[in-house]
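Reader: I have a close look in mind rather than a tour, and I would like it to concern backbone geometry and exposure at a single part of the chain. Please take me through that part carefully, and then follow the neighbouring topic of strand pairing wherever you can.

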Amino acid sequence: MPVELIAFTADRRIHGAIPLADDRVSDMLNSVPRIVMRNAVIEDLVSGTPPQTADLTLAVGSIIAVVVAGRRGVDSRRRRTDIHRARIGLVRFVVSGSLHVPAGSAEHLASGNPALVLAGRDLLVPLTDATITFDRVDQPTSESGETILVNRTHATWIDLDDAVGGNDAELVEQRAIVYHAAVVKDYTRAT
């Protein structure tokens, strides 16, 4: 069954569908080194050139964030968690949402260091009822989703609970580390 998603790399927004080979998109993405997207719409966030449609292979490690559509997974596999409002800075993006932390594991939550707060988690960490804010050709843009997966290795800062609030567009301008690199491989001309 294909599932639609929007993947963000350092300078691209990629909208497409992938076949779901697991109960949840996050489980599948955390278990494979790359995904293949057919007829994906690829938008350059820096230059503003017209979007292109192509088949592509995307390394999961190069994904900064993923807006996921559809169900969150099987209810019976859910664990009891504590929910904390969080804002995470990722390269040129800010993601705000609810971070689900295993119950009773709050010792590292006082830190502003994402490596400590997200330690022991999968590569792509889900935030629910989330919004991603970024610059699209120097224009602040926000997109919301039921779940946004963030790549914890690209997190540069994190604010939890009381520190969360306000306008994320201002944070994109203040804290963004702009990294301009094409990380998408176009295989449409492959033989």
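Author: In this predicted model, Asp129 is exposed, since its relative accessible area is 51% and the cut-off for that class is over 50%. The residue belongs to strand S8, which covers residues 124–136, and its phi is near 45°, a positive value in a residue other than glycine. A second aspartate can be described in the terms used for Asp129: Asp138 has a positive phi of about 65°, although this residue is not a glycine. Asp138, however, is placed in the loop between S8 and strand S9, the latter being residues 139–151. With a relative accessible area of 67%, Asp138 is exposed, again by the cut-off of over 50%.

Turning to strand pairing, one can follow a path through the strands numbered from S1 to S3. Strand S1, residues 2–8, runs antiparallel to strand S2, residues 12–19, and seven bridges join the two. Three residues lie between S1 and S2, and the two strands form a hairpin. Within this pairing, Ala7 stands opposite Ile14 of S2. S2 also pairs with strand S3, residues 34–44, in the antiparallel sense and over five bridges. Ile14 appears here too, standing opposite Ile42 in S3, so that one can trace the pairing from Ala7 to Ile14 and from Ile14 on to Ile42.

How values were computed: Residues are numbered from 1 along each chain as its sequence is written. This is a predicted model: local features need pLDDT of at least 70, side-chain atom pairs count only at pLDDT 80 or more; totals for chains, interfaces and linings use all residues. Side-chain values use heavy atoms; hydrogens and water are left out. Helices (H or I, at least four residues) and strands (E, at least two) are DSSP runs, numbered from the N terminus. Buried means under 20% relative accessible area, exposed over 50%, partly exposed in between (1.4 Å probe, protein chains only). Two strands pair if DSSP finds at least two bridges between them.
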